[in-house]
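Thanks for sharing this one with me. Here are a few friendly notes to read alongside the sequence and the structure.

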Amino acid sequence: MLTLLMTISPQVAVVGGGPAGLAAAIEAARAGATVHLYDERPVLGGPTYAHAAQSTLIPEIHAAGTRIVLHQGATVWGIFEQRTLAVWEKDRAEKVRPEVLILASGSHRRVVPVPGWTLPGVVDPETIRTLAPGQRVLVAGAWHQLPVVASRILRAGARVVGILDACPAGRMPRALPAPWSRWALSGDASADWHTLRAARVPLTGSRAVARVIGDEKVREVVTVALDGDWCPVRGSEEPLAVGAVCLVWDPVPSIQLSQLCGVAHEYVAERGGWIAAVSADMETSVRGVFCAGDGAGLGGAAMAVLEGRIAGIAAASRLGVLPPGEARSRLRPHQSELAPLRKSRDVLGRLHAIKPGLAELITPDTVVCPCEGVTGARVDQALDEGVGELGQMKRMTRAGMGECQGRLCAPALAQLIARRRGVAPSTIAPPSIRPPVTPVPIDVLVTLADQ
């Protein structure tokens, strides 16, 4: 039976237990604040960096003692009145009203629809553990994590038959800036390239998966060359026999909670699209609400840690537990270290930002919205009828009405709308969000209504 607890009011609430959230909690606690950290996963560190975090940030979390209260397996499913969190944790529902809120909700996978992408055997970086030893796998997409993911698949025992990068091969960096090397899964790509070279895995640039073929499982892919706008080149299709495909695109910043806070957002293509707009101290347009990590722009673990530390220090200063002069002294080294990383991030982001030509791979039968089964044909019909924004698309087609609330389909739909209307993607507002931002039992919602 669900138990409703009284509202709690910590000094600082951090939402997200990845690199940014952990770093923010550490610095706020180090400054003297009491911090409650909420993460829906049972293991801290985030979906990609949990292993690396065990030897870096987790010891700092434990060293903070009782100043950091961990809520692992806790779902923040809504935010009301800008800073009131609705939390579902195990067998209880809570309202959390912190004096200062730090959002570090990370990012989620990006879907680039092609025919057959929903078949069993089409995986992403988070689901590669389902691949069988010896299985023939093609890795394709466009992100600096391509070699990282491919080498992980090799080490797990599968056979990587090739890597396709939508970017020209000569522009893909073989090594990232030195600070990334602190994190085993985000760092210097040279070790991963060495693994791939030793296994003689070919890399092909300006090429993508055009369609995936199979019945109950993947048996073949058809690849296609891409031009400078990532449009498929006519006559360049080639078949390839595989047992699985791993699609690796840059993720999408998770902004659902920051939207519920009412903060200002901006569209920055090289940082993942729509992100929360923040100051140099990671504070949003809403006083006392901070945002760090991928939700404020994609950048990987090294950047997320620095942004989290900055947010934690600034939050403590906002509370008044850290004098302004001391706060500036603590902020300065982190901000100095962050500046060159941001420059490198933007260079990488411009290389890998999704280009509109990929929309030409969507056929009438291609599933665009997997939750509601909406296909390319239905989307085209809606566009023919004058749809010009995501809300209209949802009402006319149901795309975005499913369990994920448009997380998977909205980026692709926005690209399709922008391309058809001849406008920039920045003119297509993100989907509107309302609680619950993630599925929760109905009795959890009832408890809120009872208060």
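1. Let me begin with strand β13, which covers residues 203–205 and pairs with β12. The two strands run in the parallel sense, with 3 bridges between them. If you want a spot to click on, look at Asp 165, which stands opposite Gly 205 in β13. Please keep in mind throughout that this is a predicted model.

2. On β12 itself: the strand spans residues 159–165 and is mostly covered, with 6 of its 7 residues buried.

3. β12 also pairs with strand β11, residues 136–142. This pairing is again in the parallel sense, and it extends over 6 bridges. A handy landmark here is Val 137, whose bridge partner in β12 is Val 160.

4. How do β11 and β12 fit together with helix α4? The helix takes up residues 146–155, and the three elements make a right-handed β-α-β unit.

5. Further along, have a look at the open sheet of 3 strands, ordered β14-β15-β16 with antiparallel pairing. β14 (207–214) and β16 (238–241) stand at the edges and have a single partner strand each, so one side of each is left without a neighbour in the sheet. From one strand to the next, the twist averages 30°.

6. Within that sheet, how many bridges join β15 to β16? There are 4, and the strands run antiparallel, with β15 made up of residues 218–225. To find this pairing on screen, start from Thr 223, which stands opposite Glu 238 in β16.

How values were computed:
Residues are numbered from 1 along each chain as its sequence is written. This is a predicted model: local features need pLDDT of at least 70, side-chain atom pairs count only at pLDDT 80 or more; totals for chains, interfaces and linings use all residues. Side-chain values use heavy atoms; hydrogens and water are left out. Buried means under 20% relative accessible area, exposed over 50%, partly exposed in between (1.4 Å probe, protein chains only). Two strands pair if DSSP finds at least two bridges between them. A crossover is right-handed if, with the strands pointing away from the viewer, the path from the first strand over the helix to the second runs clockwise. Axes are lines fitted to C-alpha atoms, for helices over the stretch in contact, and angles run from 0 to 180 degrees between N-to-C directions.
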